[in-house]
Amino acid sequence: MPLGGGVKGRVCVTGASGFLASWLIKRLLMSGYDVTATVRDLRDERKFEHLRKLEGAKERLRLVKADLMAEGSFDDAIMGCSGVFHTASPVLKPSSNPKEEILKPAIEGTVNVLRSCAKNKSLRRVVLTSSSSAVRVREDIDPNIPLDDSSWSSIQLCEELEIWYSLSKTLAEKAAWDFCAHNAIHLITVLPSFIIGPSLPPQLCSTASDVLGLLQGETEKFGWHGRMGYVHIDDVALCHILVYENEAACGRYLCSSTVLDNHELAALLATRFPWLPIPTRFEKHGDRPSYELNTSKIRNLGFKFRSIQEMFDDCVLSLEQQGHLPPRPSNITST
Ligand SMILES: NC(=O)c1ccc[n+]([C@@H]2O[C@H](COP(=O)([O-])OP(=O)(O)OC[C@H]3O[C@@H](n4cnc5c(N)ncnc54)[C@H](OP(=O)(O)O)[C@@H]3O)[C@@H](O)[C@H]2O)c1
């Protein structure tokens, strides 16, 4: 059967095997799009077999091999698409060679994807997944003025503190704005805070593993997160689609529901999930200024974020269903 027939046209999603991209593809298929999704290795079926099971996938999902570090790799996937959602980027893994493993794929990979976009005459918009970490790593934060979409993380501070992930997201987003300005590409960036929710890929990505660790009583990985914004994975996917579809959308969009210190989050989780060994104390990692996030720009497009309770309820339930957490005690049916 030929692929196609969606009512909304064809879009491309990069990094399709990922936590966020998988959910975004699910939402795009549900909305009636034809989706071309890129993966690094088409032979590694276990990384993307969950995508083939999505509603509409059989008729409207096409999988294409592409690597961020291979020049022209995205040409075939992007050609003929009206939209591109670029999510692929190395996420948070510790690295002994951050330049090669984190910075290069993020920055050069983004430009590589955009070069393919520039060749595509049918392109309407590109939506790039950036991160709140491209906004909040700076020294000059006034705790009384929430950071908004105009804020950029300090390159110098990221380098000094060796926060390679934040540096990669900041430099990749800057490179994208620069390339798109010179090549008349309509770019919109979405900047999610820490994403929480059910994982469609059965193998947990690095952030979802950190959350699992916290729910299992580990303090180490979550300790250094300190103060953090949180957002439901479905909200992040819906924000991407909203800014793609809404004619008035432009620029950067912070995408976050609630900002909490790690001890505030742990207290909330301990009350909500009393059968889990949530830690109560975290080691302090450095003295960074407190901050809030101003998300009025995306809210002004009519978007409403789910609560922190809802995102963790959905996350814990799915971790139980996937066998990452033991079943909850039989006297507790729902939170
Ligand atoms: N998770 C969060 O809390 C969070 C918050 C803010 C922003 N974000 C952003 O959201 C996006 C998706 O993150 P995620 O949480 O879904 O992480 P993820 O599950 O690790 O997904 C990352 C994706 O990028 C792909 N990728 C990495 N290096 C690549 C390369 N050289 N060539 C092709 N593909 C490559 C990975 O492919 P493989 O499977 O082959 O490695 C994977 O599909 C990223 O841009 C991230 O910065 C995430």
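**Figure 1. Polar atoms of the protein next to oxygen atoms of the ligand.** In this predicted model, a polar atom in the side chain of S17 is found 2.7 Å from an oxygen atom of the ligand. The side chain of K47 also places a polar atom 3.1 Å from a ligand oxygen. At G18 the backbone takes this part, with a polar backbone atom 3.2 Å from an oxygen atom of the ligand. On its own the ligand has 890 Å² of accessible area, and the protein covers 90% of it.

**Figure 2. The shell of residues around the ligand.** The ligand is surrounded by 26 residues. The closest of them are S17, R40, T87, Y165 and K169. Sorted by class, the shell consists of 12 nonpolar, 10 polar and 4 charged residues. Helix α1 (19-31), helix α7 (164-182) and strand β7 (194-196) each contribute at least two residues to this shell.

**Figure 3. The setting of D234 in helix α10.** Residue D234 belongs to helix α10, which comprises residues 233-245. The relative accessible area of D234 is 5%, under the 20% limit, and D234 is therefore classed as buried. Leaving aside residues up to four places away in sequence, D234 touches W23, R27 and R306. With W23 there is a polar contact between the two side chains, at 2.7 Å. A further residue for orientation is S318, which is separated from D234 by 84 residues in sequence and by 13 Å in space, C-alpha to C-alpha.

**Figure 4. The protein chain as the frame for the close-up views.** The chain contains 13 helices and 10 strands. Its radius of gyration is 19 Å, close to the 20 Å that the globule rule gives for 335 residues, so the chain is as compact as a globular protein of that length. The C-alpha trace spans about 55 × 50 × 40 Å along its principal axes.

**Figure 5. Interior, contacts and surface of the protein chain.** Of the 335 residues in the chain, 52% are buried. When contacts between residues at least 6 apart in sequence are considered, 79% of them join residues at least 24 apart. The accessible surface of the chain amounts to about 15,100 Å², and carbon and sulfur atoms account for 51% of this surface.

Key:
Residues numbered from 1 in each chain as written. Predicted model: local features only at pLDDT ≥ 70, side-chain atom pairs only at ≥ 80, totals over all residues. Heavy atoms only, no water. Helix = DSSP H or I, 4+ residues; strand = E, 2+ residues; numbered from the N terminus. Buried < 20%, exposed > 50% of the residue type's maximum accessible area, 1.4 Å probe, protein only. Contact = heavy atoms within 4.5 Å. Polar contact = N/O pair within 3.5 Å; in protein donor to acceptor, adjacent residues only side chain to side chain. Near = heavy atom within 4 Å. Areas by Shrake-Rupley, 256 points an atom, 1.4 Å probe, with all protein chains shown as cover. Nonpolar A, V, L, I, M, F, W, Y, C, P; charged D, E, K, R; others polar. Rg over C-alpha atoms; globule rule 2.2 N^0.38 Å.
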